[in-house]
Amino acid sequence: MPPRKTSKKQPVARGDWFRDAAFGMFIHFGPYALYGRGEQVIFRDKLDQREYERVACKWNPRRLNVRDWARLARDCGMRYACLTTRHHDGYCLWETGTTDYNSVRQAPKRDIVREFVDAFRAEGIRIGLYYSLVDWRIPAYWEGPAKNPAGWQAFRGFVHEQVRELLTDYGSIDMFWFDGNWPHPARAWHGRELVAMMRRLQPGMLINNRLHAQQPAPGYEQTPGCEADDAFPEDAGDFSTPEQEITPDRQRRWESCMTSTWRLWGYTTGERWLGADQLLDMLCKTASLGGNLLLNVGPKADGTLPAPYVTRMKAIGAWLKRHGEAIYGSEGGDVTEFVTYGLQTRRGNNLYLIVRFWDRRPELTVAGLATRVRKATLLTTGKALKFEQTPERLTIRGLPASPPTKLFPVIRLECDGPPQPQAWARERLWCGDPRPYIAWARERGEGFNVEGT
Ligand code: FHN
């Protein structure tokens, strides 16, 4: 499919799909899965390069059916997906003309990137391509432009050509996920030229922030071509990518990438899996702060997805079928003090209460909401809820003792306008204006003892 045509007149609204998508599948797939020790095994275990190459060239994921991956992503509510086209080990999952170290020329005889874009597009899922700038096989990568200018120039050309292939031969790409620019600053990669080419080939595509300027590594500071490039400040790129943490970027789109296991991104034998509630908590927390979650899976060496991942994703997919309106396209919540129950998200005039701690009591109170509530619904069951609202507090009644779902029940509050906190609730206690709390404490008095005794 040719890259999306854009008319001269309308500027492409790059990434207008992003927050509506909310939830993506990150896929770390490559020959490293054979070792079952994560995606960096060649480096972490300092394996013999030739031996690793021999093993990798024989790798053949015979049970790989990318349509299965795409169908699971659709069923569990993931609206975009990002596949490692090449990780730091250098093995390429597409038919590249730059090296024979790829899945078409070696044992699989398959263009796995082609299968990925076709399968996920067929399910209506947007396409992200992960690309590592690092290639641990290549000495010039380690030596850098200062110590090996000719080798670095050849390596940089190899990288630019691979990016060009990926953005030319696989149709419209929605997201490009650079990784591994360390320790070289963007100027060393000729970042400006690279991004200019990418924008020409795929004008509607989002590029992440990981080509941005690193501080030049020690010893590079004055190296010609390695100075930090003011075109690539820390906030370069179209979105931020906090990793293994949920840290909002208040200035622009952001996406937290997280593993669904404890630590490694590539398949790891014996890893421990986070529970469905912990994974759902990641999704709800990113949404409550206005970001996306890119949740990782490392498929097994044969191409199948680990069973613990599949069961967890199906549980989250079932939850999203019922409660997705609280996540997709939400603007972040944090309207009132709800931390004693769970998380909040907002969308238009609706405030969603995502209840992580179901206390089995028939009523739930929300302090600090200034906007008038018109209707309250237990979204999980569709049941209308009675409520009473004073200037200080909203009390919701008629809640069932047993939690209506094993994961997080959600209450939808339909309000008179976009939900707003009261002045005293706007500022968070620890960084806000203490005066409302001074008055609140003064209501009791000054003494240290229980008054009146
Ligand atoms: O070194 C990589 C790592 O293997 C993995 O791909 C993560 C995913 O975001 N990125 C780098 C570490 O920041």
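The exercises below, each with a worked solution, concern a predicted model.

**Exercise 1.** Describe how helix α4 and helix α5 pack, and state which residues make the contact.

*Solution.* Begin with the two quantities that are used for any such pair, since two packed helices are described by the angle between their axes and the distance between the axes. For helix α4 (residues 66–75) and helix α5 (residues 112–122), the angle is about 35° and the axes are 8 Å apart. Next comes the handedness, and here α4 passes α5 in a right-handed crossing. The contact is formed by V66, R67, W69, A70 and A73 on the α4 side, and by E115, F116, A119, F120 and A122 on the α5 side. Sorting the residues of this contact by character gives 8 nonpolar and 2 charged residues, with no polar ones.

**Exercise 2.** Work out which residues are closest to the ligand, and which distances to its oxygen atoms can be given for H28, E39 and Q40.

*Solution.* First consider the shell as a whole: the ligand is surrounded by 14 residues, of which H28, E39, Q40, H88 and D179 are the closest. By character, the shell divides into 6 nonpolar, 4 polar and 4 charged residues. Then take the side chains in turn. A side-chain N or O atom of H28 is 2.8 Å from an oxygen atom of the ligand, while for E39 the corresponding distance is 2.7 Å. In Q40, a polar side-chain atom lies 2.8 Å from a ligand oxygen atom. Finally, turn to the surface: the ligand taken alone exposes 330 Å², and the protein buries 89% of that.

**Exercise 3.** Locate the cis peptide bond at P183 and the positive phi at A22.

*Solution.* Start from the usual expectation, which is that most residues other than glycine have a negative phi, and most peptide bonds are trans. The bond from W182 to P183 is nevertheless cis, with omega near 0°, and P183 lies in the loop between β4 (175–179) and α8 (191–201). A22, although not a glycine, has a positive phi of about 65°, and A22 belongs to the loop between α1 (18–21) and β1 (23–27).

Terms used. Residues are numbered from 1 along each chain as its sequence is written. This is a predicted model: local features need pLDDT of at least 70, side-chain atom pairs count only at pLDDT 80 or more; totals for chains, interfaces and linings use all residues. Side-chain values use heavy atoms; hydrogens and water are left out. Axes are lines fitted to C-alpha atoms, for helices over the stretch in contact, and angles run from 0 to 180 degrees between N-to-C directions. Helices (H or I, at least four residues) and strands (E, at least two) are DSSP runs, numbered from the N terminus. A crossing is left-handed if the near helix is turned anticlockwise from the far one by less than a right angle, and right-handed if clockwise. Contact means heavy atoms within 4.5 Å. Ala, Val, Leu, Ile, Met, Phe, Trp, Tyr, Cys and Pro count as nonpolar, Asp, Glu, Lys and Arg as charged, and the others, Gly among them, as polar. A residue is near a molecule or strand if one of its heavy atoms lies within 4 Å of it. A polar contact is a pair of N or O atoms within 3.5 Å; within protein, one must be able to donate a hydrogen and the other to accept it, and residues adjacent in sequence count only if both atoms are side-chain atoms. Accessible areas come from the Shrake-Rupley method with a 1.4 Å probe; for residues, only the protein chains shown count as cover.
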